[in-house]
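Q: Please take a close look at one part of this model for me, the strand pairing and what lies across it. Keep it casual, but spell out how the pieces connect.

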Amino acid sequence: MVSPLDSTPAADGFRMPAEWEPHSGCWMAWPERPDNWRLGAEPAQDAYAAVATAIAASEPVTMAVSDGQYERARAALPESVRLIELSTDDAWLRDTGPTFVVDGKGSRRGVDWRFNAWGGLEGGLYFPWDRDERVASKVLEVEGDERYAAPLVLEGGSIHVDGEGTVLTTEQCLLNPNRNPELDRAAIEAALHDHLGTEKVVWLGDGVFNDETDGHIDNLACFARPGVVLLTWVDDPGDPQHAISRDALERLEAATDACGRSFEVIKLPAPGPLTTTDEEASSVEVVEGTRPRRGGHRMAGSYVNFYLASSRVVYPLLDPSHDKEAGAIIASAFPDREAVGVPAREILLGGGNIHCITQQVPAVG
Ligand code: KQY
C-alpha cells in the first residue's frame with residue numbers, strides 16, 4: 001500500500017466538492033456475493049449494468065470486477081465502461097471507495113476512511129471485510145491520486161456536503177458505538193472538518209427505518225444545491241418513517257448552514273412501504289458471518305438515493321405508485337440535468353441503492 005500523506009485535506013487546502021460539481025468519472029463495483037444478492041447475483045448484475053449504462057451516457061464509468069466475473073460483466077456493460085480487476089467483498093463503492101477532495105488549483109487527492117462493514121463485530125453486515133478495506137487505496141492508485149488515511153471509521157454514504165462548508169449527517173450512524181466509540185461528537189465534527197474541508201455539521205437524528213447501514217444520510221436526505229435539501233417523506237403518522245422524517249424536518253428548519261442560510265426543504269415521497277417477499281429472501285444463500293434475509297422484512301427504500309452524473313440525475317424506480325411523482329420532483333430539483341429512472345428493486349434487496357453503489361471522481365484542471 002502506498003504510504004499516506006501525513007497531513008489532512010483541510011490543512012493542505014483541499015475540500016470535498018458537492019456532487020453537482022464537475023466530474024471526470026464514476027466508479028462502481030460488480031456485485032457477486034451470493035449471500036447478499038439473490039440467485040447468484042444475476043438480477044442485481046442486470047440492475048447494476050442498467051445503472052452503469054445510464055451514467056456512462058453522461059460521464060466515464062469504471063467498474064471494479066473480479067477475474068471470475070470479468071466475462072459476464074464485459075458482456076453486460078457498454079464498451080465505454082472501463083473494467084478494472086480489483087478484489088472486493090461486496091459492491092458498495094460509495095462506502096468502500098475514497099472520498100475525493102480538490103484544492104481548486106488543479107490537484108485532487110482521496111480520503112481513505114477506515115471501513116468495518118457497517119458496524120464491525122457489533123452489528124456489521126459481513127465478516128471478513130479486509131478486501132473492501134483496501135478498495136479506496138487501490139482506486140487512488142489507479143487514478144494516480146495521493147491518499148490521506150483518515151483515522152476514523154466512516155462510509156461515504158453517511159455524509160453529504162454542499163461544497164460550501166456544510167456537511168449533513170445522522171447521529172444514528174456517526175455517533176453509533178459500533179463505528180468510533182472512542183470519539184465524542186466534538187471529536188467526530190473535528191475529524192469531518194479536517195478531512196472534508198467543511199466548517200459546520202448539520203446533524204439529523206435517525207436514518208430511514210430499517211436501514212441496515214445504521215441510518216446513512218444518503219438514503220434519508222441530500223442537498224439539491226446550497227441551502228436546499230431533499231428529504232424522504234411519509235405522510236402517514238402510523239408509519240414509523242413519519243416520525244423520523246418529521247424529526248429531520250424540524251432539525252433542518254431550526255438549522256442554518258455554514259454560510260448562515262436557512263434551509264428550504266423539499267419533501268420527496270417514499271416508495272411503498274416495500275417488503276421482501278419470501279421468494280426473494282429464500283433465494284439468497286445463507287452463510288455464517290453474513291446477516292440473513294427474511295421474507296416480510298420492511299426494506300429501507302428511498303428515492304433520495306440517486307446519483308448526480310454530469311448531465312443526468314439517475315434515480316431508482318421502486319414502486320409504480322410513487323415513481324412518477326418522485327421522478328418529477330427530482331427533475332424539478334435539478335433542472336439542468338436529464339432525470340433518468342432505472343429499475344432498482346434488486347439493488348434495494350441487497351441493502352442500498354444507486355447512490356450507495358457509485359462514487360464520483362471530481363474533475364480538476
Ligand atoms: O447502502 C449502503 N450504503 C450500503 C449497504 C450495504 C448493504 C450490505 N448488505
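**A three-strand sheet and its helices**

A: Start with S13 and strand S14 (residues 312-317): the two pair in the antiparallel sense, over 2 bridges. Bear in mind that this is a predicted model. For one of the contacts to look up, go to leucine 308, whose bridge partner in S14 is valine 313.

Now zoom out a little. The sheet is an open one made of 3 strands, with the order S13-S14-S15 and mixed pairing. Strand S13 (307-308) and strand S15 (338-343) sit at the edges with a single partner strand each, so one side of each has no neighbour in the sheet.

Next, the helices. Helix H1 (residues 42-56) lies across S13, S14 and S15, and its direction is at about 170 degrees to S15. Helix H11 (residues 323-333) lies across S14 and S15, running at about 160 degrees to S14.

For a second pairing to set beside that one, try strand S11 (residues 228-233) and strand S12 (residues 264-269), which pair in the parallel sense over 6 bridges. Valine 228 has glutamate 264 as its bridge partner in S12. Add helix H9 (residues 240-254), and S11, H9 and S12 together make a right-handed β-α-β unit.

If you also want the ligand in view, Asn36, Asp95, Glu212, Gly350 and Cys356 come nearest among the 13 residues around it. One ligand nitrogen atom is 2.6 Å from an N or O atom in the side chain of aspartate 95.

Conventions. Residues are numbered from 1 along each chain as its sequence is written. This is a predicted model: local features need pLDDT of at least 70, side-chain atom pairs count only at pLDDT 80 or more; totals for chains, interfaces and linings use all residues. Side-chain values use heavy atoms; hydrogens and water are left out. Two strands pair if DSSP finds at least two bridges between them. Helices (H or I, at least four residues) and strands (E, at least two) are DSSP runs, numbered from the N terminus. Contact means heavy atoms within 4.5 Å. Axes are lines fitted to C-alpha atoms, for helices over the stretch in contact, and angles run from 0 to 180 degrees between N-to-C directions. A crossover is right-handed if, with the strands pointing away from the viewer, the path from the first strand over the helix to the second runs clockwise. A residue is near a molecule or strand if one of its heavy atoms lies within 4 Å of it. A polar contact is a pair of N or O atoms within 3.5 Å; within protein, one must be able to donate a hydrogen and the other to accept it, and residues adjacent in sequence count only if both atoms are side-chain atoms.
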